[in-house]
Amino acid sequence: MRTRTRLKTLAKTAATATPEPLLMPRRRKGRLVDGVLLVDKPAGETSNRTLQRVRARFQARKAGHTGTLDPFATGLLPLCFGEATKFGTGLLDADKSYIASASWGTRTDTGDLDGEVVERTDLPMPTRETLAATLAARFSGTIEQVPPMYSALKHDGQRLHEIARAGGEVTREPRQVRIVDAAIIGAEEGQFSLAVTCSKGTYIRVLVEDLAKACGGLAHCIA
């Protein structure tokens, strides 16, 4: 009799109990968008900012870019969406091509026109032929570059450009990069330009500075 009463009580409790909600998997926000979009990144905008603007326009669930361009740089920035992000690493590892313009006679703390002038020289700019000969002799194949302080590389978990903007500086070890092809394509009125095809991780700002230094002068990248 006691067992029967207990069973009735349990049955009544089960019938009146509020069922617990089923745990549904959390849905990710955004649309499923797959493919590669070729974007002409404007000057004054970071690569990540460009990515986020385009991603928001498409309301894409997943997206990534294929390499970082300096804020002042313009040009092709492939953006990968959805399934295309799976082969984005291949684009990151691929060689890149640039056309760069440089101003002779001054060096900036960033290596480009966004920085402050920290050094000047009155030495006249070499001829186009001298620049070309130095470029071919000193900056072909595998070379070493010291990464600039104003870069996205990290030191002890902090971006180098953050350390630099706080007035700090750390020792950077040279890194090997590969110059596949490089040529001077213009030189006049205190400015020169070059076309470069190179491996990932190559800093064109540093190449410009090192080329000028090899010629006994100073320069910084302006485009």
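Before selecting anything, look at the whole chain of this predicted model, in which residues 24 or more positions apart account for 64% of the contacts with a separation of 6 or more. The protein has six helices and 12 strands, and of its 223 residues, 34% count as buried. Its accessible surface comes to about 14500 Å², with 51% of that belonging to carbon and sulfur atoms.

**First stop: helix α6**

Select residues 204-214, which make up helix α6, and colour its buried residues, namely Ile204, Arg205, Val206, Leu207, Val208, Leu211 and Ala212. Now show what covers these buried residues, which includes β4 (96-104), α4 (128-138) and β7 (141-145), together with β10 (175-188), β11 (191-198) and β12 (219-221). Just past the helix, pick Gly216, which follows α6 and has a positive phi, near 90°.

**Second stop: the largest nonpolar core**

Next, select Ile184, Phe192, Leu194, Val196, Val208 and Leu211, which touch the most other members among the 23 residues of the largest nonpolar core. At least two residues of this core are supplied by each of β4, α4, β10, β11, α6 and β12, and the largest share, five residues, comes from α6. To see one member in its surroundings, centre the view on Val208, which, leaving aside neighbours within four places in sequence, is in contact with Ala102, Phe192, Leu194, Ala219, His220 and Cys221. Apart from this core lies another one, of 10 residues, and you can find it by selecting Val33, Val39, Leu77 and Phe81, which are among its members.

**Third stop: an aromatic pair**

Keep Phe81 selected and add Phe58, for a search of the whole structure finds one aromatic pair. The ring centres of Phe58 and Phe81 are 5.8 Å apart and the planes stand at 65°, so the pair is edge-to-face, an angle over 60 degrees being what that term requires. Trace the chain from one ring to the other, and you will see that the pair links distant parts, with Phe58 in helix α2 (residues 47-58) and Phe81 in strand β3 (residues 75-81), 23 residues apart. Is each ring's residue buried or partly exposed? Phe58 is partly exposed, with a relative accessible area of 33%, whereas Phe81, at 3% relative accessibility, counts as buried.

**Last stop: a patch on the surface**

Finally, switch to a surface view and select Val36, Leu38, Leu76, Phe87 and Leu91, which form a nonpolar patch with about 480 Å² of accessible area together. Within this patch, pick out Leu38, which lies in strand β1 (residues 35-41) and is exposed, with a relative accessible area of 58%.

Notes: Residues numbered from 1 in each chain as written. Predicted model: local features only at pLDDT ≥ 70, side-chain atom pairs only at ≥ 80, totals over all residues. Heavy atoms only, no water. Patch = residues over 30% accessible without salt bridge, like charges linked within 9 Å, V, L, I, M, F, W, Y side chains within 5 Å. Areas by Shrake-Rupley, 256 points an atom, 1.4 Å probe, with all protein chains shown as cover. Salt bridge = Lys/Arg side-chain N within 4 Å of Asp/Glu carboxyl O. Helix = DSSP H or I, 4+ residues; strand = E, 2+ residues; numbered from the N terminus. Buried < 20%, exposed > 50% of the residue type's maximum accessible area, 1.4 Å probe, protein only. Contact = heavy atoms within 4.5 Å. Phe/Tyr/Trp six-rings, centres within 6.5 Å; stacked < 30°, edge-to-face > 60°. Core = buried A, V, L, I, M, F, W, Y, C linked by side-chain atoms within 4.5 Å.
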